[in-house]
Amino acid sequence: MSAAFVAQARPLASRETILAWLGEVMDPEVPVVSVIDLGIVRDVRWQDEAGRASRVPSLLVIVTPTYSGCPATEVIAESIRSVLHAHGIDEVEVRTLLSPAWTTDWMTPAAREALRAYGIAPPVLRATGADNAQVIDITALTLRLSRVAVPCPRCASRKTRLLSQFGSTACKALYQCNDCLEPFDYFKPH
Amino acid sequence: MSHKFQYLLRLGDNCLVLSQQLAAWCGHGPALEEDLALTNVALDLLGQARLWLSYAGEVEGRGRDEDALAFGRDGLDFRNLLLVEQPNGHYGNTVARQFLFDAWHRQLLAGLCESSDPRIAEIAQKAVKEVRYHVERSAGLMIALGNGTALSHARMQDAVNMLWPYTNEWFDSDAIDAQCASAGVAPAASSLAAAWRADVETVLGRAGLTTPTYTGHQRGGKLGVHSEHLGRLLTALQFMQRAYPGAQW
Ligand SMILES: [Zn+2]
């Protein structure tokens, strides 16, 4: 009863307002970047009331997973619901959409800078388009060279090397800086 | 039962079984980086298995979800390739198995991106990006270990020789493959052979390893005829849900 009363008494929150609220939801594995800045939230819209039994307006949030097996996906959906509930939206449906597949190209400049400040090198290459090498570069594999220099997030040196294609999570590779010698995570173009 | 359902089981079971195998390395990898990498690959494959098996359950239309298919089927109902159920062995065995599979998986997924079934196409478009990193990693390890010490070289050659007879099964076309290929749902099984072989020969060449010439082969996984290893693997995978059906935590 109270939910219906709230919905009638207050206008529905605008898309911009809702997106600003969701800007508070951080990726649990990279807690300096929000789900908006990562490009995980693809759309928000109020659902058409036609045919719905409940008169309480329902908000649809469309999200896309970063990786198929990303264990953060369910935590993120739960965090989105709880933030929206805290802002008075009771009916929230979080729907997962696979296509188009998430790409690091959707990360905002703010997200890239936040990653760097946090000690994670942001993607150097765009994942889609001309500089995406779909062929496997055997020479680079032999020499364990990356296709491009990944600058060290600590000292900005470009003399870095790939240690492993996988770091602390599937979305990151492990690099080491040849100048300051620190290992660091690299958010892979994807 | 529909051809598409059977085909989706093949896709999902390959990922599920290989993921379970790799997960057994968790905490036992030869180096921290390897431990992390293998478990991350296992996680990618598990995510892909969930997507394929969920869709398989929908296509079947008997109310079975991903969990029912993963935990409730007996070995004879699994449709994975024989290669992925071969034992982890030493690290070189695991790496060789992974490379031979990854190289094929990438070609298959590239073909499935063009599937006439939009759901299959979108899952493949997601997965192929992940598998590209898998094959870069496993190919890099083949090259590193093949060119390592005399012992690592010998072990990698043995591993490739031992696994080779399990690779031809992938390119056999049966009624299910043919039906899916003619409907545009999947690429023809045989159409992946040339590209796979070219990738494998390139990497083995760089690794200083010899591509086996042995042509006899083992088959049956796609039809549910498995080696003795699958049963043991499923015992570990399914124990909880068999002992406590529907248990959640
Ligand atoms: Zn540095």
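**Exercise 1. Leu36(B) in its helix**

Task: In this predicted model, find which helix holds Leu36(B), and decide whether Leu36(B) is buried, exposed or partly exposed.

Solution:
- Step 1. Leu36(B) sits in helix H2 of chain B, which covers residues 32-60.
- Step 2. The relative accessibility of Leu36(B) is 27%. Buried means under 20% and exposed means over 50%, so Leu36(B) counts as partly exposed.
- Step 3. For a sense of scale, take Ile143(B): 107 residues separate it from Leu36(B) in sequence, and the two C-alpha atoms are 20 Å apart in space.

**Exercise 2. A histidine with partners in two chains**

Task: Locate His134(B), work out whether it is buried or exposed, and list what it touches.

Solution:
- Step 1. Look in helix H6 of chain B, residues 118-146; His134(B) is there.
- Step 2. With a relative accessible area of 1%, His134(B) is buried, because the cut-off for buried is under 20%.
- Step 3. Leaving aside residues up to four places away in sequence, His134(B) touches Phe166(A) from chain A, along with Val41(B), Asp44(B), Leu45(B), Gln48(B) and Asp102(B) from chain B.

**Exercise 3. Two helix pairs that share H5(B)**

Task: Describe how H5(B) packs with H1(B) and how H5(B) crosses H7(B).

Solution:
- Step 1. Start with H1(B) and H5(B), the latter being residues 91-112: the axes lie 12 Å apart and the packing angle is about 150°. That makes the two helices roughly antiparallel, since angles over 145 degrees fall in that class.
- Step 2. The crossing of H1(B) and H5(B) has a left-handed sense.
- Step 3. On the H1(B) side, the contact uses Tyr7(B), Leu11(B), Asn14(B), Cys15(B), Leu18(B), Gln21(B) and Leu22(B). From H5(B), the participants include Phe101(B), Trp104(B) and His105(B).
- Step 4. Now turn to H7(B), residues 150-163: its axis and that of H5(B) come within 9 Å and cross at roughly 50°. H5(B) is therefore oblique to H7(B).
- Step 5. The crossing of H5(B) and H7(B) is right-handed. Here Gly92(B), Asn93(B), Val95(B), Ala96(B), Arg97(B) and Leu100(B) of H5(B) meet Met156(B), Ala159(B), Val160(B), Met162(B) and Leu163(B) of H7(B).

**Exercise 4. Checking the length of H10(B)**

Task: Compare the expected span of H10(B) with the distance between its end C-alpha atoms, then find where the helix bends and what covers its buried residues.

Solution:
- Step 1. H10(B) has 15 residues, 229-243, and at 1.5 Å a residue it should span 21 Å. The expected span uses one less than the number of residues.
- Step 2. The end C-alpha atoms are 21 Å apart, which agrees with the expected value.
- Step 3. There is a bend of about 50° at Leu237(B).
- Step 4. Leu237(B) is also one of the buried residues of H10(B), together with His229(B), Leu230(B), Leu233(B), Leu234(B), Gln238(B) and Gln241(B).
- Step 5. The cover over these buried residues includes helices H1 (3-23), H3 (66-72) and H4 (82-85) of chain B.

**Exercise 5. A tour of chain A**

Task: Summarise the make-up of chain A, then examine Cys177(A).

Solution:
- Step 1. Chain A contains five helices and nine strands, in the order α-α-β-β-β-β-α-β-α-β-α-β-β-β from the N terminus.
- Step 2. Of its 190 residues, 46% count as buried. Among contacts between residues at least 6 apart in sequence, 54% join residues at least 24 apart.
- Step 3. Cys177(A) belongs to strand E8, residues 172-177, and its 0% relative accessibility makes it buried.
- Step 4. Beyond residues up to four places away in sequence, Cys177(A) touches Cys152(A), Cys155(A), Ser157(A), Lys159(A), Thr160(A), Glu182(A) and Phe184(A).

**Exercise 6. Backbone details in three loops**

Task: Characterise the backbone at Pro100(A), Ala156(A) and Leu181(A).

Solution:
- Step 1. Ser99(A) and Pro100(A) are joined by a cis peptide bond, with omega about -5°. Pro100(A) lies in the loop between strand E5 (91-96) and helix H4 (109-118) of chain A.
- Step 2. Ala156(A) is not a glycine, yet its phi is positive, about 70°. This residue falls in the loop between helix H5 (138-143) and strand E7 (160-164) of chain A, and Ala156(A) is exposed at 54% relative accessible area.
- Step 3. Leu181(A) likewise has a positive phi, near 70°. Its loop runs between E8 and strand E9 (183-187) of chain A, and at 54% relative accessibility Leu181(A) counts as exposed.

Note on methods:
Residues numbered from 1 in each chain as written. Chains lettered and ligands numbered in written order. Predicted model: local features only at pLDDT ≥ 70, side-chain atom pairs only at ≥ 80, totals over all residues. Heavy atoms only, no water. Helix = DSSP H or I, 4+ residues; strand = E, 2+ residues; numbered from the N terminus. Bend = angle between axes of the 7 residues up to and from the residue. Buried < 20%, exposed > 50% of the residue type's maximum accessible area, 1.4 Å probe, protein only. Contact = heavy atoms within 4.5 Å. Axes fitted to C-alpha atoms, helices over the stretch in contact; angles between N-to-C directions. Parallel < 35°, antiparallel > 145°, perpendicular 65-115°, else oblique. Left-handed = near helix turned anticlockwise from the far one by under 90°.
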